[in-house]
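Please keep the sequence and the model open beside this note while you read. The points below are numbered so that each can be checked in turn against what you see.

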Amino acid sequence: MSLPVRKFDAVVVGAGGAGLRAALQLSEAGLKTAVLSKVFPTRSHTVAAQGGIGASLGNMGEDSWLWHMYDTIKGSDYLGDQDAIEFMCRMAPQAVYELEHFGMPFDRNDDGSVYQRPFGGHSQNFGERPVQRSCCAADRTGHAMLHTLYQRNVRANTLFFVEWMALDLIRDASGQVLGVTAMEMETGEVWIFHARATLFATGGAGRIYAASTNAFINTGDGLGMAARAGIPLEDMEFWQFHPTGVAGAGVLITEGVRGEGGYLLNKNGERFMERYAPTMKDLASRDVVSRAMATEIKEGRGAGKEADHILLKLDHLGAEVIEKRLPGIREIARKFANVDPVKDPIPVVPTCHYQMGGIPTNYHGEVVVPRGGEHAAVVPGFYAAGECGCASVHGANRLGTNSLTDLLVFGRASGESVIRYLRENPGHKDLPGDAADLSRARLARLDGQAGGESVHEVGAEMRRTMQAHCGVFRFPDMLAEGVRRMQQVAARAARTGIADKSRTFNTARIEALELDNLVEVAMATMVSADARHESRGAHDRSDCPKRDDVNWLKHSLWYKDGSRLAYKPVNLTPLTAQTFEPKVRAY
Amino acid sequence: MRFSVYRYDPDKDSKPYMKDYEVALEPSDRMLLDALVRIKALDDSLSLRRSCREGVCGSDAMNINGRNGLACITRLADLKEPVELRPLPGLPVIRDLVVDMSQFFKQYHSIKPYLQNTAPAPEKERLQSPAEREELDGLYECILCACCSTSCPSFWWNPDKFVGPAGLLAAYRFIADTRDQATSERLDDLEDPYRLFRCHSIMNCVDVCPKGLNPTRAIGRIKELMVKRMV
């Protein structure tokens, strides 16, 4: 049985911020482009971003891309690639202006310019004092941005395949990427999307953790597909725990609350961040704040009956500021924490939020892998942008607001790279005979599995394992045990069964296929974390409490085949600026 | 807690039916979506859309005890048992709680939901005063969940001709934007016995909007502008 084949110049998988920005570039260039998304585009997780887009517009005071670059490198704990970081910070203002021209409803200053708020880790003059760099639309920036980008794609007549889930990447014997297989959820039909260029913008996989700010759809599908096709995953041990997820519910409370003047309190009412970060205080980097909070809780100074959370106080901002700048937060706090922040503090805990690692790319969005003696050889026809990619601009810890900047800058850049590549490489290369074999085998196994494991239970075991063994603080024995447990989880995931065999909108099947992807990401994370014998950014190990630039100033690359690791050097050479040499990181 | 859920799988059911579920909830289960996730763990054949679980993506709109809402921000404690769950009314059912939203999006797309401005873009941002920007509050926050349009009798009768509250809210969002230059074309497009004027101010849309938006008011503003340009 052969599958229907549809030919396109380019296929974009994922229609969040990065996918939509890339698709716009391709559609406006007149290329025959298919954009596949598991959900209607405006349901993508970019919609949940709150605080803003980092760009040195300088609307509120002096700012420069070089300061933004320094802050990002320092925030990354020097693991970020300095060429990619320079590129992002230089392009950021243009990306914001462009989005404004598309119709983004940014908040405004009295002079009519875009309003910018302070955010964690962003500073003036290389760490001297906080700067206002985050361009926002109240606390609904991601929502406003995603809708604006979707609207602009409607104008450009972009061809969307809505509620199509990509299953596997198609590569030929030479390693060139030739498209994907994908399933239409409504009918269960599987097609081959034969493309001259394939761009992944599939987002993160925060659902590998039990407590996560992430949407249900964040299952690392792009990473799973890449890993199964032999592409390594970079720096997967680095996961950001956002300081302020609503305790118990996981729902995000933006750092913009602290940007606007809110702060954290322990059970004694002490503003403890003054002890951990004397200059930036509550606006230190997220890894620093999350560790401080976890330490306060661990040492018995957590708030509440169980002493298990921290309080985020913002009532002193006044009802007017809260209603104007943080209306969504007030809504979330009332619904998910039963408190009105105009009167009472919000109970918060560090919560899994963002994946710094991903599919390795250069700053053009081209996927790069080690080949021969080369660290970063381009995989022809394959691109990645946004949270699923690793350029690497976030290194070991991402600064707040830089994720939206990343989506815009690298969405556009990868789209431009695809356009260049298509111009230079006309015509479709033939599909290999086994193009759809893997997807067909996975679907056939799922349909035929008797007495299989429950998708729900295996998923829950994976999330518990990741939470307990690979959280904010990591311990060598727990990591080693975590690797063993993840091996058991992976073995069980290979035998999942579903009762629902319907072809029509079968979400049991979708969830089973998603679990395959989650398990690849979780395994990559645990194995990479177990191997990295230092503490850097979001990766904190009890037995190696210091950063070790002699041995570990390098990127991890995890291969699914044999769960093996390789490493490549960090790029410390910017495009035009001077290198920012690694130094002690204090806020 | 007891639930009665609309079930229909065209692959095997000749007609829809209601299925009862009784699930044991944990204290951490606050919202209806938490209960639905538990039901799905027991019976994986129940199909529904869901994603952000915090009321911003608009995936899990459904009819809850006779009223449209989002499962993820509907408190279980506020619901009468057995909780009756049905797909959004007025749209074709694909399966269970999943409806075909093509018609809804077609109407949204019909109002040209994008900023129109043919002037060359400035080097930096277009300027807009805080007061002008405030005009967009209560308009741009729509999440396209379709709770409003599928609770509107005018939309039920003429889903192919009446734009519906969500689309009209979006139309006014662009009319109200000082950066948009197509107000006159937008009004021309809506000046039609069906596209705009099927709204009879029943206000079901305002009543159900999970984001607290007011499409009826936006529709009223559009009508005012039409009157204004006639005189």
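1. One term is needed before the first residue is discussed: a polar contact is a pair of N or O atoms within 3.5 Å, and within protein one of the two must be able to donate a hydrogen while the other must be able to accept it. Please also bear in mind throughout that this is a predicted model.

2. With that term in hand, begin with Glu520(A), whose side chain makes a polar contact with the side chain of Lys560(A) at 2.9 Å. Glu520(A) is found in helix α15 of chain A, which covers residues 507–531. Is Glu520(A) buried or exposed? Because its relative accessible area is 9%, and buried means under 20%, Glu520(A) counts as buried.

3. The surroundings of Glu520(A) are drawn from several parts of chain A. When its neighbours within four places in sequence are left aside, Glu520(A) is in contact with Gly224(A), Arg228(A), Trp558(A) and Lys560(A). Glu520(A) and Ala490(A), in turn, are 30 residues apart in sequence, while their C-alpha atoms are 8.1 Å apart in space.

4. Next, please look at the loop between α15 and α16 (549–552) of chain A, where Arg536(A) lies. Arg536(A) has a relative accessibility of 1% and therefore counts as buried. Although Arg536(A) and Ala396(A) are 140 residues apart in sequence, the distance between them in space is 6.3 Å, C-alpha to C-alpha. Not counting residues up to four places away in sequence, Arg536(A) touches a number of residues, among them Asp77(A), Tyr78(A), Phe238(A), Ala396(A), Asp548(A) and Trp552(A). For Trp552(A) there is a further detail, since its backbone oxygen lies 3.4 Å from a polar atom of the Arg536(A) side chain.

5. His539(A) also lies in the loop between α15 and α16 of chain A. Its relative accessible area is 0%, so His539(A) is buried. Which backbone oxygen does the side chain of His539(A) reach? The partner is Arg532(A), whose backbone oxygen is reached at 3.0 Å. Arg532(A) appears again in the list of residues in contact with His539(A), which, leaving aside neighbours within four places in sequence, also holds Glu237(A), Phe238(A), Arg474(A), Ala529(A) and Glu534(A).

6. From single residues we turn to the interface of the two chains, where 61 residues of chain B are in contact with 66 residues of chain A. Together the chains bury about 5200 Å² between them, and 51% of this area is on carbon and sulfur atoms. On the side of chain B, Arg53(B), Glu125(B) and Tyr140(B) lose the most area to chain A, and these three together account for 13% of what that side buries.

7. The polar side of this interface deserves its own point. Between chain B and chain A there are 43 residue pairs in polar contact, with both residues at pLDDT 80 or more, and 7 salt bridges are found across the interface. Arg50(B) forms a salt bridge with Glu511(A), in which the closest N and O atoms are 3.5 Å apart. As for secondary structure, α1(B) gives the largest share of the side of chain B that touches chain A, namely 4 residues. By class, that side has 32 nonpolar, 8 polar and 21 charged residues.

8. Finally, please consider chain B by itself, which is divided into domain 1 (2–99) and domain 2 (102–230). The centres of these domains, taken over C-alpha atoms, are separated by 29 Å, and 14 residues of domain 1 are in contact with 13 residues of domain 2. The area buried between the two domains of chain B is about 1000 Å², with 61% of it given by carbon and sulfur atoms. Of the area that domain 1 buries against domain 2, Arg67(B), Asn68(B) and Leu91(B) supply 40%, more than any other three residues.

9. How many salt bridges are counted between domain 1 and domain 2 of chain B? The count is 1, and Arg67(B) forms a salt bridge with Asp207(B), with the closest N and O atoms 3.1 Å apart. Strand β4 of chain B (residues 67–70) gives the most to the side of domain 1 that touches domain 2, with 4 residues.

Technical notes. Residues are numbered from 1 along each chain as its sequence is written. Chains are lettered from A and ligands numbered from 1 in the order in which they are written. This is a predicted model: local features need pLDDT of at least 70, side-chain atom pairs count only at pLDDT 80 or more; totals for chains, interfaces and linings use all residues. Side-chain values use heavy atoms; hydrogens and water are left out. Domain bounds come from an automatic or database domain assignment. Contact means heavy atoms within 4.5 Å. Buried area is the accessible area (1.4 Å probe) that two parts lose on being put together, summed over both. A salt bridge is a side-chain nitrogen of Lys or Arg within 4 Å of a carboxyl oxygen of Asp or Glu. Helices (H or I, at least four residues) and strands (E, at least two) are DSSP runs, numbered from the N terminus. Buried means under 20% relative accessible area, exposed over 50%, partly exposed in between (1.4 Å probe, protein chains only). Ala, Val, Leu, Ile, Met, Phe, Trp, Tyr, Cys and Pro count as nonpolar, Asp, Glu, Lys and Arg as charged, and the others, Gly among them, as polar.
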